[in-house]
Amino acid sequence: MLAVAGMTASLAAAGTAAGTAAGASGTTSAKPNAPVLRTLPGYTVVNSPMSMVPDGEAKTVTCPGNTVVVGGGPTLAHGGFLLRSAPTLDGRSWQVTATNPAVSSVGVAAMAACALPPPGYHVAPGPVGRNVAGSARQQATCTRSGTVPLAVGGSTSCPSRIGLSALYIDQANGLYRANAATNQSPAATNTVQAIAICSAPPPSTRSSPAPSTFKPTGGDGKYSATASVVCVL
């Protein structure tokens, strides 16, 4: 599996690009940690401050100048369930949406890793899955020849106390795929979508396996997930 960073995963890697563990509930922080992404021209990180917002209201951070998002992710206050951590379709911004059913508001911050558009850059949304079990994955693949995922975002609409639990990139038969999953164990009413940020492979990179691990956070059936990015210059 190739994990990237954004609450995200990637071939080049991104702190939140690929291999993001999206915490289903609790404090989850996104930190850019991909050395390859940091070498991209114009690389910078934009953060929004943590603030309380109504359930379902998006927190958005926008890249400066002519730069685009190459990764991103959320920080959620305790009790928050992640509903969306993903780029906008134009690649200019990263959006985070969460919910806290207990109080109808949630502490949210968003982070975007930005750079000048690399060759082949595009945002590739995958199909919207419906009634997806937590053991299943929704996937997105890059739509332009010769490109791979730099990062992955995702979105879900779910019943109360359900949220995204994993965003990561894997490989099957030579094809890199962006994956999104929730912490919902049985199939039930929900939608899940993975969104890939794609470009030509950055130079001087290779990938190594990095598993995505689901861990129960307590006896209430909630899960969080962790995944790591392993990319070497």
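Over residues 1-33 of this predicted model, the pLDDT stays under 50, and the model nevertheless has 215 contacts beyond four places in sequence for that stretch. A second stretch, residues 208-233, also has a pLDDT below 50, with 75 contacts in the model beyond near neighbours in sequence. For the chain as a whole the mean pLDDT is 74, and 68% of the residues reach 70 or more.

**Overall composition**

- The chain contains one helix and 18 strands, and 57% of its 233 residues count as buried.
- When contacts between residues at least 6 apart in sequence are considered, 68% of them join residues at least 24 apart.
- The exposed area of the chain is about 8900 Å², of which carbon and sulfur atoms supply 54%.

**The sheet β10-β13-β12**

- Three strands make up an open sheet in the order β10-β13-β12, and their pairing is antiparallel.
- The edges of this sheet are formed by β10, residues 138-140, and β12, residues 164-172, each of which pairs on one side only.
- From one strand to the next, the twist of the sheet averages 25°.
- Strands of a sheet pair through backbone hydrogen bonds, in either a parallel or an antiparallel arrangement.
- Strand β13, which covers residues 175-182, pairs with β10 in the antiparallel sense over three bridges, while the antiparallel pairing of β12 with β13 runs over eight bridges.
- In the pairing with β10, Gln138 stands opposite Ala180 of β13, and Gln139 stands opposite Asn179 of β13.
- On the β12 side, Ala166 is the residue that stands opposite Ala181 in β13.
- Because six of the eight residues of β13 are buried, this strand is largely enclosed by the rest of the structure.

**The hairpin and its salt bridge**

- β12 and β13 are joined as a hairpin with two residues between them, and Asn173 in that turn has a positive phi of about 55°.
- A search of the whole structure finds one salt bridge, and the residues that form it are Asp170 and Arg177, whose closest N and O atoms are 2.9 Å apart.
- Asp170 lies within the residue range 164-172 given for β12, and Arg177 lies within the range 175-182 given for β13.
- With a relative accessible area of 10%, Asp170 falls under the 20% limit and is therefore counted as buried.

**Positive phi in loops**

- Most residues other than glycine have a negative phi, and the residues below are described with that in mind.
- Ser104, a residue other than glycine, has a positive phi near 65°, and its place is in the loop between β6, residues 93-99, and β7, residues 105-115.
- Asn131 likewise is not a glycine and has a positive phi of about 55°; this residue is found in the loop between β9, residues 129-130, and β10.
- Asn131 counts as partly exposed because its relative accessibility is 44%, a value that lies between the limits of 20% for buried and 50% for exposed.

Terms used:
Residues are numbered from 1 along each chain as its sequence is written. This is a predicted model: local features need pLDDT of at least 70, side-chain atom pairs count only at pLDDT 80 or more; totals for chains, interfaces and linings use all residues. Side-chain values use heavy atoms; hydrogens and water are left out. pLDDT is the predictor's confidence in each residue, from 0 to 100. Contact means heavy atoms within 4.5 Å. Two strands pair if DSSP finds at least two bridges between them. Helices (H or I, at least four residues) and strands (E, at least two) are DSSP runs, numbered from the N terminus. Axes are lines fitted to C-alpha atoms, for helices over the stretch in contact, and angles run from 0 to 180 degrees between N-to-C directions. Buried means under 20% relative accessible area, exposed over 50%, partly exposed in between (1.4 Å probe, protein chains only). A salt bridge is a side-chain nitrogen of Lys or Arg within 4 Å of a carboxyl oxygen of Asp or Glu. Accessible areas come from the Shrake-Rupley method with a 1.4 Å probe; for residues, only the protein chains shown count as cover.
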